[in-house]
Amino acid sequence: MTRNFALFPLMVVITLISLPLMVMYGFLILDTVTDAPPGALWPDEFTLRHWRFLWDMSAAGNVWKATLNTAVLALSMVAVVVPVSSLAGYAIARLNLPYRRFFLGGILVMHAFPAVTLLIGVFFVLKFAGLYNTMIGVILVKGALMLPFGIWIMKGFYDAVPWEIEMAGVQDGASRLTVFRRLILPQVKPGLVALSVFAFLDGWGEYLLPRVLAPGSDMTVMSVLLNGLIAGDDIGYDFNLFKAVGVFYTLPVIALFAIFQNRLMTIFGGGTKG
Amino acid sequence: MSSFADPIVDGARRARPVRPRRAPVSRLGLILMAPALLLLTLFFFLPVALTGVFAFTDLSTSTGIGRGDYVVTPTLLRQLGDKGLSDTDAEAVARSSVTVDAAGLARARAAGVDDRFLDEIERRFMGRDYEAPAGFVRDLRGLRTAPRRPRDLKSAAALFETSVLNQRFATSQALAAQLEAMAPEIAPAVRARIVEASFTGARFTTENFRTLATQKETARLVGNTFLYVGATLSLFNVGLGLFLAVVLFYMPKGASSLFSTLWLLPRITPVVLYAVMWKWFTWEGGFLPILADQVGLPSFNYMKGSVVTAWATMITLNGFIGASFGLILFSGALRAIPLQQLWASEVDGASRWQQVRRIILPQMRWPILFVTAYQTLSLLSSYEQIWLTTNGGPGRTTSVWALEAFKTALSNYTGNLEYGMGAAMALVLVVVGLALSLIYLRLFKFSELVGRPKIEI
C-alpha cells in the first residue's frame, strides 16, 4: 500500500462523515440498557427494564410468536428460492434450452427491473387466486420476486464449474440429471449456502409485503409488530423500548452476517451479478 | 489469414464439412425451468399484464373488484340531474308502486310480519296494483288483523312496494325492462343513459392518463422524483460511495474494514428498525433536536417539521443505504488497479489528489456507470423507506412518483383505493423501468454473458 501520504487528515474526515452512523448505532445499543433524563443526550442510569418485553407480553405484544412467524417466513423463502433457483440456474447455464437467449435476457431484465412496482398487479393476482391476506401468498410473491436474483447468482456459480467435470460424467454414461445431482451440485455448495443466507435475510427483514398483502393475517411478523409499536396512538414514544425490540429482532441478521460475511460480500459487490 | 498459418483449424474444416445441425432441445432443461417459469409467470408477467389492463379502468374500492351491478341510487339521480336529466324524469324513475303478489308476500313473511295479517291481505287484495303507497296503507288499515301501531303497519306495507331505486340488477337489460315497466313515459334515449350511468363496476377508460397528463400534481411529483433520484444518486450512491472507497483504499487494513462494516450496517439493518433509528435521530426529543437546542440552533422535528429538513433527512437516510453499494463496488474496482501505477506516480512526486484525479478516477468510469444505471432504477421505484419515515410529508412536499402510486392504489386513509389510477401510475414506472433495464443490458454487454452450452445432450 502507498505509505508516504499523511493518514491523519483522512482519519478525521472519514470519522466526521461516519459520525451520524456511529451515533445512531452506538446509541441503538446503549439506549437499550440505560435511561436518560428528558432533554439530555447522555444516559445517567443503567436499567434492564427496556428488555421486559421478552417476558412481559403487554409491553410490546407477543414477540416470541412474532419471532417464530418471522422465522417461518424467512425459512419458507429459503425453501422456495433455493431449490427453484438452483434448478433453473443450471438449466440456463448448461442445458440447451429452446429460446435460451430469450430466457437469459428475460432473467437479466427482471433482475434489473424494480419488482416493487409490480405490487399493485401482484395484489390483484392474489385477490383473484384467493391468496390475499394469507402468509402463503406473501411467501410465494416474495420468493418469486427474488427468483431473478437467485437464478442469476446460481448461474454464476454453475458457470464457474469446469465443463470437464460434466463431460467426464457424461462420458462415463451418466445422464445429465445424474451429473447435475451427483457431480455439479456439490461443486456449487458455496452458492447454495450464500443464496440460502440471502433468502433468509430477505425474508427476515421484509416489511412491505406482509403489511400490504396480508394485513389481516394473524401471522404477525416482527417487522410489522415493531412498526405497529411506533404507529400506535401512544403519545409518549418509548424509543428505548423500540430499540430494544429492534435489536432483539436484528440479532439473527448480525449473527448470520458475522458468520458468512466474506461469501456475502462477493455477491453484494456484484461480482457474480454480471 | 492463409491456411499455412493455421493448419489445425484448416484441417478440421476439411475433415468435417460445414453441416448445419440443429442441436437437440434439452427436455430436462425445460423440466428444471418449470417451477421458476410458473412462479415468474404468476408473480411477474401476470402482474405486469394486469397493471397494463387495470391502468385503463376506473377500478376502485367503490366499483369493487369483479363484476359490477346496475343500481339506480338517489345520489345517482341527483348527479344525473346536474347533467341535464329533467326533474319529471327523475321523479318518474324514483316512483314506487305497490303490487300485492306472491313475491311481496314472501318478502313480508321473511321479515316476520304476522301470518294471519298476511293471509287476510292475500285473500282480499291479491293481484291488486296501487299507484301510490298511501292508498295501500289506507286499505290495510281497514283490515281486522292489521297491527295496532301505525309504524308496524307502514313497515309491513313498505314490503310490498317495488321501486327501481336501490335495487341491484345483474344485467343492463333487466334494469331497462324494469324501468320501462315502472316509468314508460321516459324516452328510450334517456333511459339508456340512466342505465349506462347506473353501472357500479369498473369501466374501461383512458381517464387516468388524461388526469395524469393534465393535473398540476403530476409536474410536482415528477420534479420531486427527479430531485430525489438525482440528489441521492449523485451525492451519496456515487459521490459518497466513491469518496469512501478512495479514502478507505488509503487507510490501514484494520480501520478500513471497520469503516466498511459500519457503512454496510444500513443495508443489512431491517428497514423498520432503520426507520426507528432515524426517527429517534431527528424527531423532537431525539438526538439532533436536543443537540441543536443545546447549541442554540432551531430545534424541531427535522423529519416532518419543514420542507428543507424533510428533504435533507429523506435524501440522507436513503443515501446512507445507497452509499454501501457504491462503496463495495468501487472498492472492488480499486483493488483491481495495478499498484505499480500508484508507486510509479509517487516516485514521480505526484500528490494524492493528482493520484486520485489522474490514475484512479479514469479507471472508475465503468463502475460509476454501472452504479448509476443500477441505482437509478432502484431509487426510482423504491418508496419503502420514504413511506416509513417522512411519508411524503410535510403535506405532500417530499412525495415521489412510486410512493404516490402505491398510496393511491393500496394504502390511503380516505378508504377509497383507486386501483385503476394507481395501476396507471405504476404502469408509467414499469415502462420506464423496462426501458432503462434494456438500455442497461445493452450497456453492459449482454451478448458476452450468453455463451452457448458446450454439451448438447
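Which residues have the most contacts inside the largest nonpolar core? Keep that in mind while we look around. One thing to know before clicking: this is a predicted model.

**Stop 1: chain A as a whole**

Select chain A and colour it by secondary structure. You should find 12 helices and 2 strands. Walk along from the N terminus: one helix comes up, then the two strands, and after that it's helix after helix to the end of the list.

Now zoom out. Along the principal axes, the C-alpha atoms of chain A fill a box of roughly 75 × 65 × 30 Å. The radius of gyration of chain A is 23 Å, while a compact globule of 274 residues would come out near 19 Å. Of the 274 residues in chain A, 44% are buried. And if you take the contacts in chain A with a separation of 6 or more, 74% of them link residues 24 or more positions apart.

**Stop 2: the annotated stretches of chain A**

Next, select residues 7-30, 71-90, 102-126, 132-153 and 241-260 of chain A. An unreviewed UniProt entry gives these the feature "transmembrane region". Try two of them up close. Residues 7-30 of chain A are 96% helix and 0% strand, and the end C-alpha atoms lie 30 Å apart. Residues 71-90 of chain A are 100% helix, with 28 Å between the end C-alpha atoms.

**Stop 3: the big core**

Time for our opening question. The residues with the most contacts inside the largest nonpolar core are Val81(A) and Phe43(B), and that core has 170 residues. Helix α3 of chain A, residues 63-94, gives the largest share of this core, with 16 residues.

Select Val81(A) and show what surrounds it. Setting aside neighbours within four places in sequence, Val81(A) is in contact with Gly143(A), Met146(A), Leu147(A), Gly150(A), Leu195(A) and Ala199(A).

There's another core, apart from the big one, with 14 residues. To find this other core, select Val72(B), Val93(B), Val164(B) and Leu179(B), which are among its members.

**Stop 4: where the chains meet**

Show both chains in separate colours. How many residues of chain B are in contact with chain A? There are 85, and they touch 82 residues of chain A. On the chain B side, highlight helix α2, residues 27-54: this helix gives the most to that side, with 18 residues. Colour the chain B side by residue type and you get 67 nonpolar, 12 polar and 6 charged.

**Stop 5: a small sheet in chain B**

Last stop: stay on chain B and look for its open sheet of 3 strands, in the order β3-β2-β4 with antiparallel pairing. Strands of a sheet pair through backbone hydrogen bonds, so switch those on if your viewer can draw them.

Which strands are at the edges? They are β3 (129-130) and β4 (161-163) of chain B, each pairing on one side only. Now click on strand β2 of chain B, residues 96-99, which pairs with β3(B) over 2 bridges. Look at Val98(B) here, and you'll find Tyr130(B) as its bridge partner in β3(B). Then turn to the other neighbour: β2(B) and β4(B) pair over 3 bridges, and Ser96(B) stands opposite Ser163(B) in β4(B).

Key: Residues numbered from 1 in each chain as written. Chains lettered and ligands numbered in written order. Predicted model: local features only at pLDDT ≥ 70, side-chain atom pairs only at ≥ 80, totals over all residues. Pairing = 2+ DSSP bridges. Helix = DSSP H or I, 4+ residues; strand = E, 2+ residues; numbered from the N terminus. Contact = placed C-beta atoms within 7 Å. Nonpolar A, V, L, I, M, F, W, Y, C, P; charged D, E, K, R; others polar. Rg over C-alpha atoms; globule rule 2.2 N^0.38 Å. Buried ≥ 20, exposed ≤ 12 C-beta atoms within 10 Å, placed from the backbone. Core = buried A, V, L, I, M, F, W, Y, C linked by C-beta atoms within 7 Å. UniProt positions renumbered as here; feature names shortened; annotations may be inferred.
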